[in-house]
Amino acid sequence: MERRPTRRTQGRGDPFAHGRGSDPRPIRRSSVDVDRFDRSRWEPESEINLGTITGFMRDHWMLLTIVLVGISLRIMFLNQESVWIDEALTGWRASGIFIEMWHEVTGGDQMPFYFLVIWFVARTFGDSILVLRGLSVLFGVLAFIPVYRIGRRFSREIALIALLLFAISPTMIFYSQEARMYMLMVMLSGFSIMYHLEYLDPNIENKRSLGLKMVILDVCLIYVHYFGVLFVGIQLLSLFATLLFRSIRDKEGFRIKENSIRCWPQMISLIMWIPWLIFQQTEHTVVDKKTGGSLGLGWDLIPETYRFIGGQYTAILATDTEIALYVGYFFMILFFVSIVSLLLKIRKDHHTIPLILFGLILILISPIIIHFVSNNYTPMYNHRYFIFFSIPFFIIISMAVGGIMKVMKERGLPLIPLTTMIIAILVIPSLIGDLDQLQRDDKADWKAGVDLILKNQNPEDIVIPFPDYEQMIIFYYTDDINVKVLNRIDNRSKFIEDHFRVWVMFNVIEDMDRFPLIQALNQWEMEEFQRGEIIIRLYKKQYLLESEDPTEDQ
């Protein structure tokens, strides 16, 4: 098959072409060359020795195997776990009337784009939890594309390693099985980074088309989550930093006006956020927002963000196995070592400049910004909000691993056993976290608790969930349960007098005996059941007179 000619700029009239101080030698075609938009980018490169049909097929089989493993891990036990409160809210919004969904989202702490998508999907395929979580699976699988294509800019090995680490990451699998917006964030940010790197490549034409794609992706990302604005800001800073680095390297002056014009995609994206700010300001003060999962951000929490991306978040919740607990630490350390090693060779390999600067700005600048905003204006920080950084995180780690493999090959070391050992060190902890997360049976099984009550309740029974907002999970599964909110029961004596049987549902970590009403109910006869991490208590009133429970025969 003949290669189609790659479109290259001639340096004249292209603001991204190398200037006078750049290397005048012609650009060679190599494994670290730019992405190609035609079939030639999938053909084997000469220096990675895949010229034969066997090597070509091996490349495709490796890619296909990784993709199939990643898909399998994401659909495994997809419908097994009970919904939790945020998924229940997603299901409620997806099944409701559009105007109610819109008022609920815009009046809370969410951005609307994901819920618009999920609402239209529910109109077509239904609002079952399988459909809602399946959409996240789709976003997670589509994110494979930018992971591979960004890695392919540097070499096939880096692309496959990055795709493997991303495909089996416990954090990525966890959020691919959750009916929330986080995998949509990963997919949109991944494609945006892919086009961002191509936009900065002096060897690729049609900057206007690439910029337009970035605008669409970035605007969607901004309206998926508030941290989308941070992502676009990082893009803007890294673009400026890349152009400044090139002007210094090429011994040219940095033209502020010209370089500012080149930042038009990010500028337009940020301008498109202004109408939402105005709308929110007319409804309520923007800085008063606080997400339910927000944390008080101290400097010691910043490294936890990278452990979370590496997989420690789900591993800690999933297992007591020590090797799985340290997977996040291992990836965090490897990430910072990768950054340092790549910085040492940044002058020799200018293809890594945009990606490394993007990663550095994210590490050094964004934590400071988030720390300042979270502690002084609005506490809207959580580790999972940083999930949009996942793809460059795994790409940068893979570049370091690929560099180790290259050094071993140059020194004549046995490549296959050492490479297998390095990959195993990265893969085995992640797989342990995956299997424990997918198979553990101690999760909060609200569905089983609801089924238990439906099977054994009497018509006059009252169900009290705690915390109060967990009632949304009950309403997601059924409307045939009479729910009362604990904090709204003011007259404790009248409540006890009027009811004969009361169900209480709560998590094992809750200390229910601190509530006066529960202390009073403890004087009744009590049966206790457990479904995963959910405790279900059935309180039955004891009668001083020798009479039967009036609900027994019903």
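Y182 is tucked away in this predicted model: its relative accessible area is 3%, so it counts as buried. Its ring partner Y175 is buried too, at 2% relative accessibility. The two rings have their centres 5.3 Å apart and their planes at 70°, so this is an edge-to-face pair. Here's a quick run through the aromatics, a buried glutamate, the cysteines and a few backbone oddities.

**Aromatic rings**
- A search of the whole structure turns up 14 aromatic pairs, and the Y175 and Y182 pair is edge-to-face because the planes sit at 70°, over the 60 degrees needed for that label.
- F393 and F394 also make an edge-to-face pair, with 5.3 Å centre to centre and 85° between the planes.
- Both of those phenylalanines are buried: F393 has a relative accessible area of 0%, and F394 comes in at 1%.
- F393 and F394 belong to one aromatic cluster that also takes in F144, F166 and F389.

**Arginines over rings**
- R93 lies over the face of F115, and the distance from the ring centre is 4.8 Å.
- R123 does the equivalent with W119, lying over the ring face at 4.5 Å from the centre.

**A buried glutamate**
- E198 is part of helix 9, which covers residues 182-199.
- With 0% relative accessibility, E198 counts as buried.
- What does the E198 side chain touch? It makes a polar contact of 2.9 Å with the side chain of R149.

**Cysteines**
- A disulfide, in general, is a covalent bond between the sulfur atoms of two cysteines.
- If you're wondering how many disulfides there are, the whole-structure search finds zero.
- C263 is buried at 0% relative accessibility.
- C220 has a relative accessible area of 18%, so it still counts as buried, given that the cut-off is under 20%.

**Backbone oddities**
- The peptide bond joining F466 and P467 is cis, with omega at about 0°.
- P467 sits in the loop that runs between strand 1 (462-466) and helix 24 (471-477).
- F77 isn't a glycine, yet it has a positive phi of about 55°.
- You'll find F77 in the loop between helix 1 (53-75) and helix 2 (85-95), where it is partly exposed at 36% relative accessibility.
- N206 is another residue other than glycine with a positive phi, this one near 60°.
- The loop between helix 9 and helix 10 (207-222) holds N206, and at 43% relative accessibility N206 counts as partly exposed.

Technical notes: Residues numbered from 1 in each chain as written. Predicted model: local features only at pLDDT ≥ 70, side-chain atom pairs only at ≥ 80, totals over all residues. Heavy atoms only, no water. Helix = DSSP H or I, 4+ residues; strand = E, 2+ residues; numbered from the N terminus. Buried < 20%, exposed > 50% of the residue type's maximum accessible area, 1.4 Å probe, protein only. Polar contact = N/O pair within 3.5 Å; in protein donor to acceptor, adjacent residues only side chain to side chain. Disulfide = S-S within 2.5 Å. Phe/Tyr/Trp six-rings, centres within 6.5 Å; stacked < 30°, edge-to-face > 60°. Lys NZ or Arg CZ within 6 Å of the ring centre and 35° of its normal.
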